[in-house]
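User: Please take a close look at one sheet in this model, and at the aromatic contacts that go with it. I would like a single connected account.

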Amino acid sequence: MNRWLGWVAAGVLASALAACGGGSGDTGPAGPPGPPGNAVNVPSNSATPTPVTTAAWANLAPQVTVTSVSISSPPVVNFKVTDASGNPVLGLGNTSKSSTATVAGLTNLSFALAKLLPAANGAPARWVSYIVTTVPTTSAAAAPTRPSTDNTGVLVDNKDGTYVYTFYRDITQVKDQVAAMTVASPNNKDDLGDLTYVPGLVHRLTIQLSGDAPGTGANTPTGATSSFASVPMKAPVDAIYDFVPATGAQAPSSGRDIVATANCNGCHRSLGGIPGDSAESSGAGFHGGNRNETRYCVVCHTEQRKYGRTEASYNASNLTFSGSTYRVDDRAVGNFPNYIHKIHNGPILAKQKYDYAGAKPDETHYPQDIRNCTKCHDGSATAAVKTDYGDNWKNLPNRLACGGCHDGINFATGQGVTLKDANANPPLTSTPNAHPAGPQPDDSLCATCHKPSAIDLVHLPITAPNPKNSLVYNGGDKDSNTNSAWLASNSNRLPEGAIKVSYDIKSVSLDGARHPLIVFRMLQNGQAVNLNTFNSSLPVAGQEIWNNFAGSPSAYFVFAVPQDGIAAPADFNASASAYIRNVWNGVVAANVATMTGPDAGGYYTVTLTGSTVPAGATMLTGGIGYSYSLSSTQPLIQTNLAAYPVADALYPVTNVSQPNKSGGLIVIAPNAQKVATNFTGRRAIVEDARCNACHQELGTFTEESFHGGQRNDGTTCAWCHTPNKTSSGWSADSTSFIHSIHAGAKRTVPYNWHASSATENFADVQYPGVLKECETCHLPGTYDFSASASASAVPNRQYRTVAASTVAANVSKSPYVPAGSYGAVFAFNASTGVTTPAAGTTLVISPIATACFACHDSSLATTHMQQNGGSIYASRASGALNTVETCMLCHGPGRTADIKVMHAK
């Protein structure tokens, strides 16, 4: 609805306010009656103000520039507000005053001020907020409080986009005012710290411009809820201005910028979520999405947040809290470094059942290794001013930050439990000499023991071998598709001596007999290294392709053959591969695969002589990497590092001429791929870098891994996870399961594919970004079919199989499918050339519905899809393949419910 908010401009101020944005005095363009308000834009080339509609307010994206701050009594701030095009924004002085208020407060603007106390005695610099008193009401006098904002001062609108705000609070007097106030337990004024105004220190001013459009929601003159639904500003701004009051000069660096907001948004997309968005879409939303800048967070989330809080109730016998946990070990849990570390460390904290204002860290599942400190602390926050505060995580150890993760240790006593012991199986509740240096009453000695190099070393994000890997464990739940080695990310800090392996593909093609071949070489730390020459006069056992390594990658080929009447399917449905070590050492017969080389450039050629790509096949693509089955195709592991010992496998598979090794280090080698000569590759949909912005390295992004870290390229998940792959009544196609995993919290039916129990499944996943922002993962134009390659692929996309062969009755079985046998799934055997058609009894989902149903699975959404040509869990025999999805008639580019528009902020 296009409701006018009215406007403020010279000569029309009175009539505009009287009109209330739509009454008889409204001289603006015709439109339906709307809520009162007074925000306007003035185009830079015009003196005439433009009324701001509610839609314009929602999409305003304001820019706030502070020009000066002066403090001689209450602070006075001069600032300017423009829209994204540079046009001045007028009329932001909306206020509200409830029946108990003594003074009106601004509804869309708020201000804060804090000083930065310098580092001292080993402790880092810290912020102290001056805004720690309440505004008196008709029934209560002003009193001390935890850090807040100031919005009850005086705002002057200069009618040209510039404003002057005078604080309500006189920060030069705050210390004396608080000292004169009487408080009762548990309030302790000492918890508010030293409130002395020190003009020579760096100070930080924050301005928040946000909230509902005037006249909507509770943004009314009395604070009562309007009949007009809330219309929040979707791109609120948190302006930051660091300065020194004594000189009035802006400070180029506060000296305490530790983490750049851009790093947070690698996962969160928009820190705090999108205002007005649903909890399912903005799963990590907070403060209504209006506080989205780390430099703002630290002004409020100070140690002062423990004011009025008592020590949390804790049961040392089971390491759990009961009730709220605002104050633990006499530290404010809400202090920014303490709080953020705890939130992200969640389930592996020593103590559990934290509850900070409803935020519960043990329900958080961080999507990468928590020891990857440089994901957040990479120095980018301070790079422009050439400081090293971003390295404080290793250069300035202190009880607050370190205790954020290592929460089991009480530094005041030196006792408690380490993370290792608390996470043991079974867990231990105490560790002798938990802090070997004993009690530490302050931070002065922390750096004595904890040197930067040592801190760096123990925080290397390296995943330990899975104890149930099939090379060392022989139980019923052993796993051959996990890691038996330590795993390290190729793009992160590495231990000394670790070698980065990479693959260089020169070409992929077919020989005269249509056998697929790949020309490649392997590199160590960026330099090509030839493979060892295999000595056929020696036993195969003990010979490896490289010195100080064991195992190898695989050569992998994928393509598409006709299926279900589609001559050239748009997704892969056939593959062939060879384990390079077994080709190199002759374990694989020459009529299956051969290897030649190296040529003058160090390239080798692997040809799959036992596989044939039929005429008419499309999208042939080859790659190097992909090995991960421990029993038959062990990944390439480095074996010469003492810190990561290697041993013979305890449970080698019989009849294997090359015994496997357990242990060692794998620095994950990124999978490499290339489209074959004379073929056109599969359309690009996602980008590996987008996955790794959150996951760091696909394949090993938590304290566990999948595929042993060897299938690590988001663009090639579709090589194996094809439309014909199914598991326990769920589609294992990448389109289906990746959407379903990330939308776990949104779905109405829990996604329990490969669930560990009836209560633990992908419904536990709380996506940390903004779910509806599809370009977090997808390349532009690929999810809404506006890209030509995506649009042309629509008629050739296969139906996704959701039930084939045997669907067992177990906890991870899809609730949509009864247990039973559903017949053969489609398959093509490159060795024999035989195609196995899918049985008519198999169940499928139509291609467009597959992506939509993964997130939108309500009964209403399901019915809508089916009524518009979608097949959902329907059998091939019942005509499921004969339906025509008409989704694009409404949801196509430029249509009524354009996919991109419906998924926009």
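Analyst:
**The open sheet and its aromatic contacts**

In this predicted model, Leu155 stands opposite Tyr165, a residue of strand 11. Strand 11 covers residues 162-166 and is joined by 4 bridges to strand 10, the two running antiparallel. Both strands belong to an open sheet of 4 strands, whose order is 3-4-11-10 and whose pairing is antiparallel. At its edges lie strand 3 (63-70) and strand 10 (154-157), each of which pairs on one side only. Between neighbouring strands of this sheet the average turn is 20°, with direction ignored.

Strand 4, which stands between strands 3 and 11 in the sheet order, leads on to the aromatic contacts. The structure holds 28 aromatic pairs, and one of them is formed by Phe79 and Phe111, which meet edge-to-face with 5.8 Å from centre to centre and 65° between the planes. This pair links distant parts of the chain, since Phe79 lies in strand 4 (residues 76-82) and Phe111 in strand 8 (residues 109-117), 32 residues apart. Phe79 and Phe111 are both buried.

Other ring contacts can be set beside this pair. One aromatic cluster is formed by Trp730, Phe737, Tyr751, Trp753, Phe762, Tyr816, Phe853 and Tyr873. Charged side chains also meet rings: Arg309 lies over the face of Tyr326, 3.6 Å from the ring centre, while Lys506 lies over the face of Tyr603, at 5.2 Å from the ring centre.

How values were computed:
Residues are numbered from 1 along each chain as its sequence is written. This is a predicted model: local features need pLDDT of at least 70, side-chain atom pairs count only at pLDDT 80 or more; totals for chains, interfaces and linings use all residues. Side-chain values use heavy atoms; hydrogens and water are left out. Rings of Phe, Tyr and Trp (its six-membered ring) pair if their centres lie within 6.5 Å; planes under 30 degrees apart count as stacked, over 60 as edge-to-face and the rest as tilted. Buried means under 20% relative accessible area, exposed over 50%, partly exposed in between (1.4 Å probe, protein chains only). A charge sits over a ring if NZ of Lys or CZ of Arg is within 6 Å of the ring centre and within 35 degrees of the ring normal. Two strands pair if DSSP finds at least two bridges between them. Axes are lines fitted to C-alpha atoms, for helices over the stretch in contact, and angles run from 0 to 180 degrees between N-to-C directions.
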